[in-house]
Amino acid sequence: MAERANRIGGAYSLTVIAPIVAGREQAARDAIDALPVGQDSPLARLDGLHFSRIHVVSELVFQGPQQRWRDRLQASHLVFTSTIDGDPDRYLEALRSRAEPDTWWRFCVGYPGSADSEAFRRFVREHQIDSSLFASAHAKATVPGVLASLTLRERIIDFAIAARGLEPAELQRRFRDEFAE
Amino acid sequence: MGNRIGRMTGLTMLTPIRPRWLRFLRIGFFGARYFPLAQRAILQFDFIHYVRWAIVDGLPGERLRYRYLFFESNFDGPWQHYIDAFAYVVAKWIRLTWGRGPSFPGPPPAEPLKEWIAMNSLDGGHYYCAYPLASTRMVKGALEVRERFEPLVAQSATLEPAAFAAAYERYLVQVQRHL
């Protein structure tokens with residue numbers, strides 16, 4: 001049941017929280033901060049990835065006097081989240097083989113490295129926290145579907161501007177030239 | 001920043017759950033999965049791409065007095081612009097989720113909620129989005145534009161020019177709000 005809560009439509013929410021080895025917190029932060037961003041991010045190599053975030057949590061925010069007990073973390077924790085299309089194990093294999101995940105997880109306690117596919121998958125799964133509720137405005141849309149739709153929208157706008165005032169036969173001919181396979 | 005890219009913002013919070021509220025929260029989340037009204041209330045503003053809540057029962061190597069609520073939302077940012085809408089339009093859903101957390105300022109008004117989010121927002125790190133310049137409205141619109149477009153392409157092969165021109169005009173009218 002918990003695994004089902006990670007899904008909405010065709011999307012899957014992966015949440016992984018793993019403790020960082022004592023004394024390696026700043027190195028983990030520096031490694032994460034040094035990752036190239038945007039299309040140069042190693043995560044951009046993964047086809048079915050909508051969103052992802054990697055960051056370090058070193059303390060739990062104390063809510064003030066109404067919080068009866070104060071929790072203090074013994075270790076910093078690395079938080080890794082992804083919103084992906086489809087099967088999480090397939091995603092983890094792509095992540096392992098194409099996105100250099102050792103860059104951030106090598107600072108975590110018990111991380112086996114990415115060379116061993118099964119050990120890598122087991123580490124991530126053992127530190128996974130299932131969503132209680134996951135929702136989306138476009139839950140059925142895949143990443144390729146979103147990108148193709150955005151590109152098509154731009155092409156249609158360009159065509160509509162260029163085709164204003166054309167006679168029907170010429171409109172149809174140009175439309176087919178532009179859009180018919 | 002670590003939680004901004006293009007027009008996207010990732011908001012992450014990890015906040016304590018009052019022990020007595022835990023059971024209610026589990027039931028509430030379970031029900032919300034099968035009760036579309038709750039999800040529609042959250043997503044009605046057309047600026048949230050994805051949002052997740054997870055009850056954290058424990059962390060490796062830690063002895064915590066509380067369970068924690070992990071919250072992550074990916075939306076068209078920045079979040080300060082939208083908190084007013086949340087605070088007034090879906091106030092009861094927000095209160096149901098966090099309203100029994102210590103010191104949570106149940107909205108409305110919006111200002112204490114903004115301060116509470118600013119206090120709990122986990123900043124820094126690395127943030128990635130496959131379509132960082134596309135708002136939620138743009139994505140939903142583009143998906144509809146594409147879905148409606150495929151029949152028009154098929155019609156372009158079979159209709160006479162005048163009938164195709166009429167179908168083309170109808171299509172533009174149908175999708176113009178997304179273009």
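These questions and answers walk through a predicted model of two chains, A and B.

Q: Why are α5(A) and α6(B) called roughly perpendicular to each other?
A: Helix α5 (residues 143-162) of chain A and helix α6 (residues 136-155) of chain B pack at an angle of about 75 degrees. Angles of 65 to 115 degrees count as roughly perpendicular. The pair therefore earns that name. Their axes are 8 Å apart.

Q: Which residues in α5(A) meet residues in α6(B)?
A: From α5(A) come Gly145(A), Val146(A), Ala148(A), Ser149(A), Leu150(A), Leu152(A), Arg153(A) and Ile156(A). From α6(B) come Met138(B), Val139(B), Ala142(B), Leu143(B), Val145(B), Arg146(B) and Phe149(B). The residues of this contact divide into eleven nonpolar, two polar and two charged.

Q: What makes α6(B) roughly antiparallel to α7(B)?
A: α6(B) and helix α7 (residues 161-175) of chain B pack at about 180 degrees, with their axes 10 Å apart. Angles over 145 degrees count as roughly antiparallel. So α6(B) is roughly antiparallel to α7(B).

Q: Which residues meet in the contact of α6(B) with α7(B)?
A: On the α6(B) side are Val145(B), Arg148(B), Phe149(B), Leu152(B) and Gln155(B). Among their partners in α7(B) are Phe164(B), Tyr168(B) and Tyr171(B). The split here is eight nonpolar, two polar and one charged.

Q: Why do β1 of chain A and β5 of chain B stand at the edges?
A: Look at the strand order: β1(A)-β2(A)-β4(A)-β3(A)-β5(B). These five strands form an open sheet with antiparallel pairing. β1 (7-8) of chain A and β5 (126-129) of chain B each have a single partner strand, so one side of each is left without a neighbour in the sheet.

Q: How do you know that β2 and β4 of chain A pair?
A: Pairing needs at least two bridges. Nine bridges join strand β2 (residues 11-19) of chain A to strand β4 (residues 77-85) of chain A. The two strands run antiparallel. Pro19(A), for one, stands opposite His77(A) in β4(A).

Q: Which strands are the edge strands in the open sheet that has the order β5(A)-β3(B)-β4(B)-β2(B)-β1(B)?
A: They are β5 (133-136) of chain A and β1 (4-5) of chain B. Each pairs on one side only.

Q: How do you know that β3 and β4 of chain B pair?
A: The cut-off is at least two bridges. Strand β3 (residues 48-56) of chain B and strand β4 (residues 67-76) of chain B have eight, in the antiparallel sense. One bridge partner is Leu69(B) in β4(B), opposite Ile55(B).

Q: What makes Asp89(A) and Arg121(A) a salt bridge?
A: Side chains of opposite charge can pair when their charged atoms come close. A salt bridge needs nitrogen and oxygen within 4 Å. For Asp89(A) and Arg121(A), N to O is 3.5 Å. The pair links distant parts of the chain, 32 residues apart. Asp89(A) is in helix α2 (residues 88-98) and Arg121(A) is in helix α4 (residues 117-126), both of chain A.

Q: How many salt bridges count between chain B and chain A?
A: Zero. Over all chains, the structure holds 20.

Q: How many residues of chain B are in contact with chain A, and what area is buried between them?
A: 79 residues of chain B are in contact with 81 residues of chain A. The buried area is about 7000 Å², and carbon and sulfur atoms give 64% of that. In chain B, Tyr50(B), His126(B) and Tyr128(B) lose the most area to chain A. Together they make up 13% of what that side buries.

Definitions and conventions:
Residues are numbered from 1 along each chain as its sequence is written. Chains are lettered from A and ligands numbered from 1 in the order in which they are written. This is a predicted model: local features need pLDDT of at least 70, side-chain atom pairs count only at pLDDT 80 or more; totals for chains, interfaces and linings use all residues. Side-chain values use heavy atoms; hydrogens and water are left out. Axes are lines fitted to C-alpha atoms, for helices over the stretch in contact, and angles run from 0 to 180 degrees between N-to-C directions. Helices (H or I, at least four residues) and strands (E, at least two) are DSSP runs, numbered from the N terminus. Angles under 35 degrees count as roughly parallel, over 145 as roughly antiparallel, 65 to 115 as roughly perpendicular and the rest as oblique. Contact means heavy atoms within 4.5 Å. Ala, Val, Leu, Ile, Met, Phe, Trp, Tyr, Cys and Pro count as nonpolar, Asp, Glu, Lys and Arg as charged, and the others, Gly among them, as polar. Buried area is the accessible area (1.4 Å probe) that two parts lose on being put together, summed over both. A salt bridge is a side-chain nitrogen of Lys or Arg within 4 Å of a carboxyl oxygen of Asp or Glu.
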